[in-house]
Every structure is written in C-alpha cells, then in structure tokens.
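Work through the exercises below with the sequence and the model open. Try each task before reading its solution.

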Amino acid sequence: MTSLADLPIRDDLRGREPYGAPQRSVRIALNVNENTHGVPDDVAQDIVAAIAEAVRTIHRYPDREFTVLRERLAGYLGHGVSADQVWAGNGSNEVIQQVLQAFGGPGRSVLGFPPTYSMHSILAAGTGTRWIDGRRDAEFELSAETVVAEIERTRPDLVFLCGPNNPTGTPLGLDVIEAAYAATDGMVFVDAAYAEFMPTDEDNALTLLPGRERLLVSRTMSKAFAFAGARVGYLAADPAVADALRLVRLPYHLSALTQAAAIAALGHADELLAGVDEIKEQRDRIVAELPGLGYSPWRSSANFVLFGGVADPARTWAELLDREVLVRNLGIPGTLRVSAGTEVETTEFLAALASLGDGAGA
Ligand SMILES: *Cc1c(COP(=O)(O)O)cnc(C)c1O
C-alpha cells in the first residue's frame, strides 16, 4: 500500500481533489439534481426490450457514429438542428472532456464563471487546460458587459458558460452568449444541462447556432429525462465540431447497450419529461416558502435552489441527513443547495428544515 503523494503523478494534478458529491442511500435524496420521478413501467419495458435486442449482436462493435441516436437527438432538439450537428458521449461530462481535449490542452486556457459546475474546472485540470476564474455580477448574475470585460481581460482559448447555472440556478441570457461569441475568436461552450427547466423556451441557446461555428451547446439526458444512470449527454454545434471531437474520442465510445437504451428512451420523450412541470412547480414552491423559514433563496431556472441564510451549512446539512434528507453543501459560505423533488419529497424537505427551528437560519 502506498499513498497518492508517493506516486509519480503529473505535477499539475498533485494536491487536487476529485469530484466528490457524497453518495448516501437515504429516503429523500435531493443532492445531485437528479429527476426523482423515475421511469414509468411501460417505458422501462421498452428500454429492456431494446437492450435485449442489442445483446444479440454484442459480439460486434457498436455503430461508431451512433447514427440513429444522433438522428433521434436532433429530432428531439428541434430548432433546425440536423443529425450531423449532434455529438454524444457517456454523459455530457465526457462530451465536455472531449471538447477540452480538442480545443484546450497544455498551453491553452478556459475561462469560466464560478461558482459554477465543479466538473468544468476538474476536466480542465485533467486535460492540462489552464482554468481562469471569471468574475460574476452581484447575486451570481452574469451580464453581457461583465462577460465581455472578463474575456478582454483574460483572452482565453475557450469560454465556458453554464445556463441555467449550477449551483446557483441563475438563467443565462441569449444576449450574454451573443456578446461572448462576438468578443472572442475562441470556442464558446454553453452547458445547458438544465435547459428543459427554464421558464420558457425563448432563451434556448440552440437558436443562436446558425452562423456561429465556434458555438457549442451541450445538453444531457441525466436531468429532465430521468436518465442519469444511463450516462448520455450530447451537444449541438457546427458539423465541423463533431469532426474535431472524432480526433479525440475513444473508438466505439458509446456502447451498443447505451445507444439502444437512449434510442428507446427518446421514443418516450413525452412520458419521461412528464415530471418536468411538477418539478418546476416544486422549485418555485421552495423559492416561495424558504423566506418564511428564515432563508434567502436565489432565483432559479433549473431543478434546484441555492439558498442563503444558513448560519452553519455543515451542521444544517448533517441535521437534515439525520432526518433522512440529503442536500448539497458546495462550500459557498452560508448556503446549501437542494434539488426539487416530487411534491412529497419537497414537503418532507421543507418540514425537515422547519423542524430545525431557530438558529439554523441567520
Ligand atoms: C448534472 C450536470 C451535467 C450532467 O452531466 P452528465 O455527465 O450528462 O450526467 C452537466 N452539466 C451540468 C452543469 C450539470 O449540473
């Protein structure tokens, strides 16, 4: 037995922390923004049948170009996106990694705007891309002026925007994306993992793709689609971007089973997305009810809420866990983040928080 510190690991990885959302089995798990609605029986049966069929030819490598899946994803996205504009991976995390492998790497930099999705900087580190912290406006908002100023200050090779932003829930205006694109010659990557939870479709970044060959918009089946365990994420961009990602992807990176499961699931998009409206209602309910309990939530266009006024986040996190409610402590002082669950789960979360009484809220 040895320790990590004793191995000849890359110098730039020394002392780094891996992604580490605690995985606990609890009754009310509202910590990683999953869709808690689960998969309906008939959809599950269809997925199993599709996988069973794929197993019959599992002695062969899968379609390296995942042609049918790309067609189905393009059809789902709409907005004129064609199959050759779509690229997919084992979760959008893999897609992000491929983007950094192709357009980042040693000697290159990526500008992001913390607090944001922790995997963006972790994947930058793994690919040897220098991560630059950009500044946000008050209340975690991000204006076009601020984004442009930060791009001009830091001259990055890539700009990472996250809209709606995780962990703050902040929406991302199309004007911000347009301004970022105009301010750089580099790649502009929009992580739209929570796009389906936005109040309306009018801020859909996909509408900006025509004529912008350096713009990438990524989405995932992990959240709105209730498909986190299957690991399917994807992006839409100019077809040339897919050619770039072909240079770095592993051959046959999407298994035949993953492709079959995702294609079957997309055939039931309406059913799988049925929970989205209720989740949005529960999100809005959390935002509406937290002030009455002494906490201050930020506005959210995603399926979770970041709230402040938590005197001791580590203690409140542990006390909620004692009540079988798991939320997320991201280390942002005075805050915790909770995913909107079913109505019952949300009620239990709010009741558990209320039961902590005075002294938890500031
Ligand atoms: C959850 C999340 C993802 C999803 O990652 P997958 O690998 O597709 O499961 C991507 N981006 C952000 C900002 C997220 O919060």
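**Exercise 1.** Find the loop in which Pro167 is found, and describe the peptide bond that joins Asn166 and Pro167.

Solution. Step one: Pro167 is in the loop between strand E5 (158–162) and helix H6 (174–183). Helices (H or I, at least four residues) and strands (E, at least two) are DSSP runs, numbered from the N terminus. Step two: the bond between Asn166 and Pro167 is cis, and its omega is about 15°. The model is a predicted one, in which local features need pLDDT of at least 70, side-chain atom pairs count only at pLDDT 80 or more, and totals for chains, interfaces and linings use all residues. Residues are numbered from 1 along each chain as its sequence is written, and side-chain values use heavy atoms, with hydrogens and water left out.

**Exercise 2.** Describe the peptide bond from Pro114 to Pro115 and the phi of Glu139, and place Pro115 and Glu139.

Solution. Step one: the bond from Pro114 to Pro115 is cis, with omega near 0°. Pro115 lies in the loop between strand E3 (109–112) and helix H4 (118–126). Step two: Glu139 has a positive phi, near 60°, and is a residue other than glycine. Its place is the loop between strand E4 (130–133) and helix H5 (144–154). Step three, for background: most residues other than glycine have a negative phi, and most peptide bonds are trans.

**Exercise 3.** State the order of the strands in the open sheet formed by 3 strands.

Solution. Step one: the order is E9-E10-E12, with antiparallel pairing; two strands pair if DSSP finds at least two bridges between them. Step two: strand E9 (296–297) and strand E12 (336–339) are the edge strands, each pairing on one side only. Step three: E9 pairs with strand E10 (residues 304–308) over 2 bridges, and Ser296 stands opposite Gly308 in E10.

**Exercise 4.** Name the residues that come nearest to the ligand, and find the polar side-chain atoms close to its oxygen atoms.

Solution. Step one: 13 residues surround the ligand (a heavy atom within 4 Å of it). Ser92, Tyr194, Thr220, Ser222 and Lys223 come nearest. Step two: look for polar contacts, pairs of N or O atoms within 3.5 Å. A polar side-chain atom of Thr220 lies 2.6 Å from a ligand oxygen atom. For an N or O atom in the side chain of Ser222, the distance to a ligand oxygen atom is 2.6 Å; for Lys223 it is 3.3 Å. Step three: the ligand taken alone exposes 390 Å², and the protein buries 95% of that (Shrake-Rupley method, 1.4 Å probe).

Methods
A polar contact is a pair of N or O atoms within 3.5 Å; within protein, one must be able to donate a hydrogen and the other to accept it, and residues adjacent in sequence count only if both atoms are side-chain atoms.
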